[in-house]
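Me: Hi! Could you walk me through the ligand site and the empty spaces in this one?

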Amino acid sequence: MKTPSEYKTFVSHLECAYTGERFEADKIHGLSSAGKPIIVKYDLQALGKHIDKGTIERRTGGFWKYSEFLPVRSAENIVRLGEEMTPIIRLADQDAGGGELLIKDEGRLPTGSFKARGLALAVAMAKELGLKRLAMPTNGNAGAAMAAYASRAGLQTTIFCPDDTPEINVSEIALQGGDVYRVNGLINDCGKIVGEGKEAVGWFDVSTLKEPYRIEGKKTMGLELAEQLGWQLPDVIFYPTGGGTGLIGMWKAFDELEAIGWIGSKRPKMVAVQATGCAPIVKAWEDGAEHAPLWEDAHTVAAGIRVPVAVGDFMILRAVRQSKGFAIAVEDEAIMQAQRHVAQTEGVLLCPEGAATYAAYRQALKDGRVSGADQVVLYNCATGLKYPMAPVSQSLDRHQPIDYSRL
Ligand SMILES: *Cc1c(COP(=O)(O)O)cnc(C)c1O
């Protein structure tokens, strides 16, 4: 496989997503002086002239094939772990109405979750900018993705997770070379440790939206979805929302695609799905607020969306409102029931966060916020295999007579 050592990139500058303050490309950036996320801007006119849809469609290599839409300058800084376009699975069980219910199964990416997209980009840019030590708070999947890509790139990682993070996540982080600590608190408490220690230790803070590049990786979900659906966007997207990078990233992708004329102005309704035990974005959306205050006593089985406070809250809420979508919370019981239902009837083992989108879809269909005629995409952001499952107690003693009539 041949890859060019110099990528053509069209980054023009970076910008504070809140104030518009400008920043130079090819420099190390964290949050803006207003304490808000910084996003990457491209010369889209030049990008649109340089590349066409057909060229993109003919490429392989998963999300790395969108290199012109990405900020990496040198291919040497890229780690490839066998990224592939993730499949879109059409569910059989849908209400009559002529619509389509689709699952974008992100569990097929390296390390089993879509966190690979964001962290692959963050790690490549960290390497390009000469950083050596990365740190982050995580509910599990982001830590695993960072450890895998960074260890391969020769960068050190220190990772903090809530002490009730699924065992498998903590173990995989350690096995992939991350220095991982359990912390008696939630992800925002872990984030505080990174923030307070970074000067002293010399860490670069890779927290969600506290550096500009994870979102560029997550943006590829939007590019990929558009390509797979023939450059037509669906009617509705249900996204399990924690820090919200994926939702914001897809929204950015759609704007960039429209700017180069690859799609029209039609946008899907963006639906932010949270759990009732941790629903700051849903509350802010219902209150008509621009920001989402910290959610106290956050709890849910869907660990990936247990994020009590998000630095990109205003960006999530903006995208949801501009798209005429909505934010919706589902009970843990509905999440677990959705997971069982889809596993037993559709052959797809969703992660709890993915199951939350299915439960939210059912709820929204019932209350009329989506229609059976809609083409709907649910994001399953990790493989269900990474999560604890209900134990099985049935056994058979092969040395005793077996009563086959009971099986
Ligand atoms: C991180 C994560 C989410 C939330 O993603 P954001 O883009 O940070 O909102 C959802 N599901 C899973 C499985 C995750 O790991």
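Reply: Happy to; we can go through the ligand, then the pocket, then the cavities. This is a predicted model, with local features needing pLDDT of at least 70 and side-chain atom pairs counting only at pLDDT 80 or more, while totals for chains, interfaces and linings use all residues. Residues are numbered from 1 along each chain as its sequence is written, and side-chain values use heavy atoms, with hydrogens and water left out.

Me: Great. How many residues surround the ligand, and which are the closest?
Reply: There are 18 around the ligand, the closest being Lys115, Lys218, Tyr239, Gly242 and Gly244. A residue is near if one of its heavy atoms lies within 4 Å.

Me: What classes are in that shell?
Reply: Seven nonpolar, eight polar and three charged residues. Ala, Val, Leu, Ile, Met, Phe, Trp, Tyr, Cys and Pro are nonpolar, Asp, Glu, Lys and Arg charged, and the others, Gly among them, polar.

Me: Which polar atom of Gly244 is close to a ligand oxygen, backbone or side-chain?
Reply: A backbone one, at 2.6 Å. Gly242 also has a polar backbone atom 2.7 Å from a ligand oxygen, and a polar side-chain atom of Asn141 lies 2.8 Å from one. The cut-off for a polar contact is a pair of N or O atoms within 3.5 Å.

Me: And how much of the ligand is buried?
Reply: The protein buries 96% of the 380 Å² that the ligand exposes when taken alone; the areas are Shrake-Rupley values with a 1.4 Å probe.

Me: OK, pockets. Where is the ligand?
Reply: The ligand takes up the space of the largest pocket, meaning that more than half of its atoms lie within 2 Å of the pocket's grid points. A pocket is an open set of points on a 1 Å grid over the protein atoms alone, with protein on both sides within 12 Å along at least five of seven lines; lining residues have an atom within 4 Å of a point.

Me: What volume does the largest pocket have?
Reply: About 600 Å³. Of its 39 lining residues, Ile187, Thr208, Gly242, Gly243 and Val307 are closest to the centre.

Me: Which element gives the most to that lining?
Reply: α6, with four residues.

Me: Switching topic: how many cavities of 30 Å³ or more?
Reply: Three. In a cavity, a 1.4 Å probe fits but cannot get out. The largest holds about 60 Å³, and its lining has 10 nonpolar residues, one polar and one charged.

How values were computed
A polar contact is a pair of N or O atoms within 3.5 Å; within protein, one must be able to donate a hydrogen and the other to accept it, and residues adjacent in sequence count only if both atoms are side-chain atoms. Grid points are joined across faces, edges and corners, and a volume is the space filled by probe spheres set on the points. Helices (H or I, at least four residues) and strands (E, at least two) are DSSP runs, numbered from the N terminus.
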